[in-house]
Amino acid sequence: MQIAFDRARQLLQETRGDRRTRTEEGFQPTERTLPRLSSLWDIPWAQNISSYLGSRNPLAGPVDPKTESVWLFDTTAYRPIHPYPHSQQPWQAEFHTAFFKTGTGRDVSKIVADIADKVGLKKGSGEERERGEKTIAERLQPFVDVVAPARWVEVKLPDGK
């Protein structure tokens, strides 16, 4: 059932250009051999549903740096102008982030070995393959960690506010 759900979601999100590229380059045979990583169902349902409430979420809590990691994406800083008397207001910033439960991902060794084989690392020496697999594992880990929904982080700006 999960495979059907994932495929349906992919079809809904896929653009015409994505579909053409995926067909022309033969993505499907390779994708069929990849293991499934995670799903929305790996998150407790109450946290998953409540995460859509945004700042009004009663289950939201601060990030725990010991057990969770934060990815910081686009950041926009701006100074709004008061409509009257057209004076500048203090700086404001908007942060786009993702929160993950550190180390909760599945054992990635099989996935790493599969990717290493697909990119041709099996042809390299033992040391070269080991370095390559280590790099693949480090880059893959955040994608197999479980998302930590309903989290927030406090950001202190240089002026102390």
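## Exercises on helix α5, its salt bridges and a pocket

Lys118 and Asp114 sit 4 residues apart in helix α5 (residues 109-118), about one turn of the helix. The model used in these exercises is predicted.

**Exercise 1.** State what joins the side chains of Lys118 and Asp114, and classify both residues by burial.

Solution.
Step 1. The two side chains meet in a salt bridge, with 2.8 Å from N to O.
Step 2. Lys118 has 39% relative accessibility. The partly exposed class runs between 20% and 50%, so Lys118 counts as partly exposed.
Step 3. Asp114 is buried, and Ile111, Val112 and Ala116 of α5 are buried too.
Step 4. The cover over the buried residues of α5 includes α3 (27-33) and α6.

**Exercise 2.** Trace the salt bridges of Arg129, giving for each partner the distance and the element in which the partner lies.

Solution.
Step 1. One partner of Arg129 is Asp117, and the closest N and O atoms of this salt bridge are 3.0 Å apart.
Step 2. This pair links distant parts of the chain, since Asp117 belongs to helix α5 and Arg129 to helix α6 (residues 126-144), 12 residues apart.
Step 3. Arg129 also meets Glu133 in a salt bridge, at 2.8 Å from N to O.
Step 4. Arg129 and Glu133 are both in helix α6, with 4 residues, about one turn of the helix, between their positions.
Step 5. The general principle is that side chains of opposite charge can pair when their charged atoms come close.

**Exercise 3.** Assign Asp117, Arg129 and Glu133 to a burial class from their relative accessibility.

Solution.
Step 1. The cut-off for buried is under 20% relative accessible area.
Step 2. Arg129, at 17%, is therefore buried.
Step 3. Asp117, at 33%, counts as partly exposed.
Step 4. Glu133, at 24%, counts as partly exposed as well.
Step 5. Elsewhere, Glu14, Arg19 and Arg22 are joined into one network by salt bridges that share partners. The structure holds 8 salt bridges.

**Exercise 4.** Describe the second largest pocket by its volume, its lining and the elements that supply the lining.

Solution.
Step 1. The space in the second largest pocket is about 180 Å³.
Step 2. Its lining consists of Ala93, Phe95, Thr97, Phe99, Arg151, Trp152, Val153 and Val155.
Step 3. Two or more lining residues come from each of β3 (92-101) and β4 (151-152).
Step 4. β3 gives the most, with 4 residues.
Step 5. By class, the lining has 6 nonpolar residues, 1 polar and 1 charged.

**Exercise 5.** Place helix α5 in the order of elements, and give the burial and contact totals of the protein.

Solution.
Step 1. The protein has 6 helices and 4 strands.
Step 2. Along the sequence these elements follow the pattern α-α-α-α-β-β-β-α-α-β.
Step 3. After α5 comes Gly120, which has a positive phi, near 90°.
Step 4. Of the 161 residues in the protein, 21% are buried.
Step 5. Contacts between residues at least 6 apart in sequence join residues at least 24 apart in 63% of cases.
Step 6. The exposed area of the protein is about 12500 Å², and carbon and sulfur atoms supply 58% of it.

How values were computed
Residues are numbered from 1 along each chain as its sequence is written. This is a predicted model: local features need pLDDT of at least 70, side-chain atom pairs count only at pLDDT 80 or more; totals for chains, interfaces and linings use all residues. Side-chain values use heavy atoms; hydrogens and water are left out. A salt bridge is a side-chain nitrogen of Lys or Arg within 4 Å of a carboxyl oxygen of Asp or Glu. Buried means under 20% relative accessible area, exposed over 50%, partly exposed in between (1.4 Å probe, protein chains only). Contact means heavy atoms within 4.5 Å. Accessible areas come from the Shrake-Rupley method with a 1.4 Å probe; for residues, only the protein chains shown count as cover. On a 1 Å grid over the protein atoms alone, a cavity is a set of points where a 1.4 Å probe fits but cannot get out, and a pocket is an open set with protein on both sides within 12 Å along at least five of seven lines; lining residues have an atom within 4 Å of a point. Grid points are joined across faces, edges and corners, and a volume is the space filled by probe spheres set on the points. Ala, Val, Leu, Ile, Met, Phe, Trp, Tyr, Cys and Pro count as nonpolar, Asp, Glu, Lys and Arg as charged, and the others, Gly among them, as polar.
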